[in-house]
Amino acid sequence: MVDLILSLDNLNKHFGGVHAVKDFTFQMERGELAGLIGPNGAGKTTVFNLITGVYSPDSGSIKFKDEEISAKKTYEVISRGVARTFQNLRLFPRSTALENVMTARQQHFKYNFFEAVTHAGRWAGNEKKIRETSLELLERVGLLPVAEQAAGTLPYGHQRRLEMARALALQPELLLLDEPAAGMNPEEVQDLNGLIKDIHEDFNLTTLVIEHHMEVIMEICPRIACMNFGEKIAEGDPDYIQKHHEILKAYLGEEVEEC
Amino acid sequence: MISGYIEGIIILICVNSIAAMGVSLLTGFTGIFTLGHAGYMAIGAYTAAILSVRHDVPWFAAVIAGGILAMVVAYLIGVPTLKLMGDYFAIASIGLGETIRLILENWQSFTRGARGFPGVTNFTTLPVAAAFFLGMLILMRFLINGNYGRAFKACRDDYIAASLLGFKTAHYRVMSLTISGFYCGIAGALLAGFLTYLQPVMFDMNKSTELTAVVVFGGLGSISGSIIGTAVIGLVTEVFRPISQYRMLIYGATMVLIMVVRPEGIMGQYEIGPKLIRAIFSRKTENGVNNAHG
Amino acid sequence: METLLQQVINGFSLGSVYALIAVGYSLVYSILLFSNFAHGGFLVIGGYICYYTLAAVGNNIWIASLLAFLGAGVSAVLVERGAYKPIRERTNVTLYLLIASMGMSIVIENIFVVTVGGRFRALPPVIPMTPVSVFGLATTSAFDILSLVMAMVFLAGLQIFLSTTKWGLAIRAASYDLKTAGLMGVNVNKLISIVFFVAGLLAAVGGIFLSVRYTLYPQLGMITIKAFVAAVIGGLGSLPGAVVGSLILGLAEMLTAGFISSQMRDIVVFGMLVLTLLWRPTGLFGKHISEKV
């Protein structure tokens, strides 16, 4: 029985005259870890934005857990179990690392307005749980020592991990990572690979990774799709993509690093 | 005990602080810049005045009614206008604030217009003002230190990231405006009970600007900052009363100076408490906060 | 019919004065992406320089105007350099510029209150107010026609400046993207100063006409709010939009004053603002800034 958690079918998106995503079809089974590669401007981030409802597709369907979500608003998609990190990092710089994670975590420990202003009812219990589970997540990504530090002051590598912790705090069923290794050195990339693999296993989290760093994609993704000019031009396991590499190089020029 | 004059200043600071708290929630914590909140004070003030003077409504109920009506108007205005971002909403707020004032000024039969509305009982005594001040302050602190506070701040710092964390940002923005309307309404109603006399011109753009200025001056994202800002402006107003034509000049110049020298305001985003003490003694963190501000 | 035509002409006349103010304001917005609430201050500065020069040199409107233009332009540059430049160099949060501009507007208004007093001053009748008959259909005053003509002259001058000169080109480039224009070699600070000078100058023209029309007093700058509304209706950042929006607003105001009541004028103005923002916030021709996710 194939449990398709995500199903993108003939997605199209135009921005003015630019056909950013063209007849894009892609599926993910629950629990998969897959990669999406392609040069800058290929449309990879646009695909993420379409899934999360930031843009709506001109045509095509997006199904998440068998439900059509292409017309849904962002917060509706997120509350159904999707989480995403950003190419350019979108932390809340003035809040502490802990507060960043708590802001995401609170979606699972809700209480109402009356309880909020009176500190009555579920307030105490839920606030405690929000705080504790957030600290646990920070520990998991190795950021517990800097929990009370303003997110904007953290070193770049820490900020990337924080964003991942924040995404995990949403307890998603589908995790979209947008260039998580951007700006990292080889050592940090190795740590990141380990982290992504661990998270994927421990949480049984369906994960889709956009990346340029071939060291990340080739090592951890059993299945990879390649985009260029909005279209999917190849899809397969790392060996297949590598062999395709010659053809890819013709399309992608110097963009793809030699593995 | 305390002289009537000093008592009056304290009452005024308490009442204006309540309005400042409301604006602080909207501008400091939710990132929505407003230049028309005196309009909500006006609604609260006139509602309380008319109810208590013409319809013999007990003052407490009249004050609450003022707050509620202001809150409802804020909600009705908020739903369509809060999709505007940044400058656009600020400009809309000017328009709305002025419209409210103009309506009050021109609806002579109801409000007596520019001639003024006299005869409100002096129900805002020091205990009353202090009690409202403390009560509203506690409610605000509780609200900020929890899930709603975090939601507002998320909408402020990055509304796209906030929506991608599952927040219905429109909902929180409207909520913030609605609550701020309530606070300004209550403050306006209490002001009516203190001055015993109302004129629409008391709630013009100068008052709106003053509300926003004290919040910025005190520090966006700090309730204690807004209160300190209100107190400072209140005292400065009194001290410079003999040379009141210079008062406005100094006040305007202060606004400019703060923005140039220390835009994060007196308190930055700190509240009075242990974190602040730690921050003062730890240079690194303070610089970090300033950098992250950019 | 006669009244309608009269009010239409009045409306265009008022609108043309608004246009001068709104265009300067929109120009600044298009470059720096912030609303300079102190713009009204430049208007008032122009008005007072004109008034005092007229008193000093015996009603020579040409000298007075010239000095007013220069004075307002220079003041604008000084305000920018003194208050806005330090802020925009430190941070790109436009909120701080906005608040500083509010403070600046209060400062300028009150400098006049403190130094020359807040009373109303009538300018000597250097701009003729003689009634003029328009095709025998309506009577308007020479003043209205003159203000319309002067506004057109200055706006045409601005258009020529923007489309034919080197700095005009730089300004147009910067209105698309200030940073890129800087990277292309434009001296950004000098550009901003030039923009403010032009904005101040235009405001002064408007200020002189408004002073004659409404008498001169420190709070005259508050009328700039109506020019803001016009700029929003036309679309913030768009110069043709500012002109069109101003004419529409002037017409609306005059028609309301003529056929409904004078008190409703302002309510109509703000009503139009709110309606525009609700229905089409970017106005008729405005820039739309969308964020890349």
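1. A quick definition before the sheet in chain A: two strands pair if DSSP finds at least two bridges between them. With that in hand, keep in mind that what we have here is a predicted model. Chain A holds an open sheet of 6 strands, in the order S6-S7-S8-S3-S9-S10, and its pairing is mixed. At the edges sit strand S6 (82-84) and strand S10 (231-236) of chain A, each of which pairs on one side only. On average, neighbouring strands of this sheet are turned by 20° against each other, direction ignored.

2. One pair inside that sheet is worth a look. Strand S7 (residues 174-178) of chain A runs parallel to S8(A), and 5 bridges join the two. If you want a residue to click on, try A:Asp178, whose bridge partner in S8(A) is A:Ile210.

3. Still on the sheet, find helix H1 (residues 44-51) of chain A. H1 lies across strand S3 (33-37), S6, S7, S8 and strand S9 (223-228) of chain A. Relative to S7(A), the helix runs at about 150°.

4. Now the start of chain A. Strand S1 (residues 4-15) and strand S2 (residues 18-29) of chain A are antiparallel and share 8 bridges. A:Leu4 has A:Glu29 as its bridge partner in S2(A). The hairpin has 2 residues between the strands, and A:Gly16 there takes a positive phi near 60°. S1(A) also pairs with strand S4 (residues 59-64) of chain A, again in the antiparallel sense, over 5 bridges. In that pairing, A:Asn12 has A:Ser59 in S4(A) as its bridge partner.

5. Two backbone angles deserve a second glance, since neither residue is a glycine. A:His119 has a positive phi of about 60° and lies in the loop between helix H4 (113-118) and helix H5 (123-140) of chain A. A:Asn204 also has a positive phi, near 45°, and belongs to the loop between helix H7 (186-202) and strand S8 (206-210) of chain A. Are they buried or exposed? A:His119 has 15 other C-beta atoms within 10 Å, so it counts as partly exposed. A:Asn204 has 10 C-beta neighbours inside 10 Å and therefore counts as exposed.

6. In chain B, have a look at helix H4 (residues 87-106). Its 20 residues reach 28 Å from first C-alpha to last, close to the 28 Å expected at 1.5 Å a residue. H4(B) is mostly covered, with 17 of its 20 residues buried.

7. Over in chain C, helix H10 (residues 239-259) and helix H11 (residues 264-279) have axes that come within 8 Å and cross at roughly 145°. The crossing of H10(C) and H11(C) is right-handed. From H10(C), the residues that meet the other helix are C:Leu249, C:Ala252, C:Glu253, C:Thr256 and C:Ala257; from H11(C) they are C:Met264, C:Arg265, C:Val268, C:Val269 and C:Met272. By class, this contact has 7 nonpolar, 1 polar and 2 charged residues.

8. Last, the contact of chain C with chain B: 34 residues come from chain C and 32 residues from chain B. On the chain C side, the elements that give two or more residues are helix H3 (61-90), helix H4 (94-116), helix H9 (224-234) and H11 of chain C. H4(C) gives the most, with 14 residues. As for chemistry, the chain C side divides into 27 nonpolar, 5 polar and 2 charged residues.

Conventions: Residues are numbered from 1 along each chain as its sequence is written. Chains are lettered from A and ligands numbered from 1 in the order in which they are written. This is a predicted model: local features need pLDDT of at least 70, side-chain atom pairs count only at pLDDT 80 or more; totals for chains, interfaces and linings use all residues. Helices (H or I, at least four residues) and strands (E, at least two) are DSSP runs, numbered from the N terminus. Axes are lines fitted to C-alpha atoms, for helices over the stretch in contact, and angles run from 0 to 180 degrees between N-to-C directions. A crossing is left-handed if the near helix is turned anticlockwise from the far one by less than a right angle, and right-handed if clockwise. Two residues are in contact if their C-beta atoms, placed from the backbone, lie within 7 Å. Ala, Val, Leu, Ile, Met, Phe, Trp, Tyr, Cys and Pro count as nonpolar, Asp, Glu, Lys and Arg as charged, and the others, Gly among them, as polar. The expected span of a helix is 1.5 Å times one less than its number of residues. A residue is buried if 20 or more other C-beta atoms lie within 10 Å of its own, exposed if 12 or fewer, and partly exposed in between; C-beta atoms are placed from the backbone.
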